[in-house]
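User: Please guide me through this model feature by feature, giving the general idea before each particular case.

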Amino acid sequence: MLEVQLVPLDQALAHFMPKSSVPEVEVRANGELLGRTPFASNLALRPGSYELEFSRAGYVPVRRRAELDPGSAGGLDVKMAPSDGGLA
């Protein structure tokens, strides 16, 4: 039998929606893959500082820094630019 102990969070999660007009863009936070655009719903993340990276073959990677406060909700719409020759 598997036993699981749930530990309450000390702060409310932040809700964040990464967007891009280009589909299938990989979104990473502090190096960890969160998924690919488009997302079906907001992502629930621990409050804190994040280095976000948006990447897809054939496009110039985009990096942004985000500070997420407890209980906050927001998003980031990233414009992806094709790389030279269409290859990243």
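**Reading the model**

Analyst: The side chain of Ser-20 reaches the backbone nitrogen of Val-22 at 3.1 Å. This is a polar contact, that is, a pair of N or O atoms within 3.5 Å; within protein, one atom must be able to donate a hydrogen and the other to accept it, and residues adjacent in sequence count only if both atoms are side-chain atoms. The model is predicted, so local features need pLDDT of at least 70 and side-chain atom pairs count only at pLDDT 80 or more, while totals for chains, interfaces and linings use all residues. Residues are numbered from 1 along each chain as its sequence is written, and side-chain values use heavy atoms, with hydrogens and water left out.

User: Which backbone oxygen does the side chain of Ser-20 reach? Is Ser-20 buried or exposed?

Analyst: The oxygen belongs to Val-78, at 3.5 Å. For accessibility, buried means under 20% relative accessible area, exposed means over 50%, and partly exposed lies in between (1.4 Å probe, protein chains only). Ser-20 counts as buried because its relative accessibility is 16%. Contact means heavy atoms within 4.5 Å; not counting residues up to four places away in sequence, Ser-20 touches Val-25, Thr-37, Asp-77, Val-78 and Met-80. Ser-20 is found in strand S1.

User: How should strands and their pairing be read, and what is the order of the open sheet?

Analyst: Strands of a sheet pair through backbone hydrogen bonds, either parallel or antiparallel. Helices (H or I, at least four residues) and strands (E, at least two) are DSSP runs numbered from the N terminus, and two strands pair if DSSP finds at least two bridges between them. Here, four strands form an open sheet in the order S3-S2-S5-S6, with antiparallel pairing. Strand S3 (32–36) and strand S6 (62–68) are the edge strands, each pairing on one side only. Ignoring direction, neighbouring strands of this sheet are turned by 25° against each other on average; axes are lines fitted to C-alpha atoms, for helices over the stretch in contact, and angles run from 0 to 180 degrees between N-to-C directions.

User: How many bridges pair S2 with S3, and which residue stands opposite Val-27 in S5?

Analyst: Strand S2 (residues 26–29) pairs with S3 over four bridges in the antiparallel sense. Four bridges also join S2 to S5, again running antiparallel. Val-27 stands opposite Phe-54 in S5 and opposite Gly-35 in S3. The bridge partner of Arg-28 in S3 is Leu-33. The hairpin of S2 and S3 has two residues between the strands, and Asn-30 in this hairpin takes a positive phi near 50°.

User: Which residues of the largest nonpolar core touch the most other members?

Analyst: A nonpolar core is a set of buried Ala, Val, Leu, Ile, Met, Phe, Trp, Tyr and Cys residues joined through side-chain atoms within 4.5 Å. The largest such core has 19 residues, of which Leu-45, Tyr-50, Leu-52, Phe-54, Leu-68 and Met-80 touch the most other members. At least two residues of this core come from each of strand S1 (14–20), S2, strand S4 (43–45), strand S5 (48–55) and S6. Leaving aside neighbours within four places in sequence, Leu-45 is in contact with Leu-13, Ala-14, Phe-16, Leu-34, Tyr-50 and Leu-68.

User: How is a salt bridge recognised, and what count does this rule give?

Analyst: A salt bridge places a side-chain nitrogen of Lys or Arg within 4 Å of a carboxyl oxygen of Asp or Glu. By this rule the count comes to five salt bridges. One of them joins the side chains of Arg-28 and Glu-26 (3.3 Å, N to O), and a network of salt bridges links Glu-26, Arg-28 and Arg-36. Glu-26 counts as buried at 19% relative accessibility, whereas Arg-28 counts as partly exposed at 26%.

User: Where do Arg-63 and Glu-53 lie?

Analyst: Arg-63 forms a salt bridge with Glu-53, the closest N and O atoms being 3.4 Å apart. Arg-63 lies in strand S6 and Glu-53 in strand S5, so the pair ties together parts that are ten residues apart in sequence. Arg-63 counts as exposed at 56% relative accessibility, and Glu-53 as partly exposed at 24%.
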